[in-house]
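Reader: Could we go through this one together, a piece at a time? I have the sequence and the fold open and would like to start from a single residue.

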Amino acid sequence: MMHYWQKCLWVLGLLLFSQGAFAHPHAWIDLRISPMLNDQGQITALREAWLFDPMYSAMILEEQQAAGPADEFDQRLNDFGQVMITHMTPNRYFNRLQGATSEPVQDFTLRKIRDRIELDFILPLSQPVDPQEGLSYRIYDPSYYIEMLHNEQQPKIFRNGCTLRID
């Protein structure tokens with residue numbers, strides 16, 4: 001027979017461990033990022049490419065293919081990209097910059113790449129940043145609905161001399 005304190009510990013353990021079961025991603029993104037520079041060599045924006053996992057991509061592609069004529073598919077897909085961008089705006093597109101602030105996304109495209117969708121966009125900075133001073137960012141979904149990981153083929157050194165260090 002369990003004592004009162006053993007029952008309390010057992011219930012507490014169930015509560016603690018069951019919370020972890022609710023926090024898991026439902027979509028995965030392979031992320032590529034590169035700095036964009038002005039003529040003075042300052043970072044003015046980040047170009048991001050989010051390649052969604054095959055399962056999430058299949059759901060979106062199937063939905064957009066069923067929504068109308070085939071010759072309008074690319075436009076419907078890009079319209080859905082606008083919906084994605086709009087919904088991410090209050091969360092600052094999941095980017096947390098240190099030493100800089102960002103402006104609304106520009107020049108986005110949502111396209112099909114083989115059996116997956118990729119959202120490509122430019123996140124402009126409010127003020128240019130000197131690369132010598134560095135720019136730190138974190139990118140994540142605080143609800144952990146989406147897991148974002150840098151693509152392993154992500155370049156670590158860019159043509160402009162900037163380097164990427166992933167912690």
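Reader: Where is the place of Gln64?

Author: This is a predicted model, and in it Gln64 has its place in helix H2.

Reader: Is Gln64 buried or exposed?

Author: Gln64 has a relative accessible area of 8%, and because the cut-off for buried is under 20%, Gln64 counts as buried.

Reader: And which residues does Gln64 touch, leaving out those up to four places away in sequence?

Author: With those sequence neighbours left out, Gln64 is in contact with Phe73, Arg76, Leu77 and Phe80.

Reader: Let me step back to the helix. How many residues does H2 have, and how far does H2 reach?

Author: Helix H2 covers residues 54-66, which makes 13 residues, and the distance from its first C-alpha to its last is 18 Å, close to the 18 Å expected at 1.5 Å a residue.

Reader: Which residues of H2 are buried?

Author: The buried residues of H2 are Tyr56, Ser57, Ile60, Leu61 and Gln64. Looking down the axis of H2, one finds these buried residues within an arc of 125 degrees, so they line one face of the helix.

Reader: What is exposed on the other side of H2?

Author: On that other side, Met55, Glu62 and Ala66 are the exposed residues.

Reader: OK, and what do the buried residues of H2 pack against?

Author: They pack against helix H3 (73-88) and against four strands, namely E1 (27-37), E2 (43-52), E4 (106-113) and E5 (116-129).

Reader: One more on the helix: which residue caps the N-terminal end of H2?

Author: Asp53 is the cap there, with a side-chain oxygen that lies 3.1 Å from the backbone nitrogen of Met55.

Reader: Changing topic to E5, how many of its residues are buried?

Author: Strand E5 is mostly covered, since 11 of its 14 residues are buried.

Reader: In what sense do E2 and E5 pair, and over how many bridges?

Author: E2 and E5 pair in the antiparallel sense over 8 bridges, and within that part of the fold Ile43 has Val129 in E5 as a bridge partner.

Reader: What about E4 and E5?

Author: That pairing is antiparallel as well, over 6 bridges, and the bridge partner of Gln106 in E5 is Ile122. E4 and E5 also form a hairpin with 2 residues between them, and Arg114 in the turn has a positive phi of about 55 degrees.

Reader: Now the rings. How many aromatic pairs are there?

Author: The count comes to 4 aromatic pairs. In one of them, Trp50 and Phe121 lie 5.4 Å apart centre to centre with 70 degrees between the planes, an edge-to-face arrangement. The pair links distant parts of the chain, as Trp50 is in strand E2 and Phe121 in strand E5, 71 residues apart.

Reader: Are Trp50 and Phe121 buried or exposed, and which residues form the aromatic cluster?

Author: Both Trp50 and Phe121 are buried, and the two belong to one aromatic cluster with Tyr93 and Phe94.

Reader: Last stop, Ile146: which strand is it in, and what does Ile146 touch?

Author: Ile146 is in strand E7 (residues 146-150) and is buried, with a relative accessible area of 15%. Not counting residues up to four places away in sequence, Ile146 touches Pro25, Ala27, Ile29, Phe94 and Asp141. Its C-alpha atom is separated by 9.6 Å from that of Phe52, although the two residues are 94 residues apart along the chain.

Definitions and conventions
Residues are numbered from 1 along each chain as its sequence is written. This is a predicted model: local features need pLDDT of at least 70, side-chain atom pairs count only at pLDDT 80 or more; totals for chains, interfaces and linings use all residues. Side-chain values use heavy atoms; hydrogens and water are left out. The expected span of a helix is 1.5 Å times one less than its number of residues. Buried means under 20% relative accessible area, exposed over 50%, partly exposed in between (1.4 Å probe, protein chains only). The arc is that of the directions from the helix axis to the C-beta atoms. Contact means heavy atoms within 4.5 Å. A polar contact is a pair of N or O atoms within 3.5 Å; within protein, one must be able to donate a hydrogen and the other to accept it, and residues adjacent in sequence count only if both atoms are side-chain atoms. Two strands pair if DSSP finds at least two bridges between them. Rings of Phe, Tyr and Trp (its six-membered ring) pair if their centres lie within 6.5 Å; planes under 30 degrees apart count as stacked, over 60 as edge-to-face and the rest as tilted.
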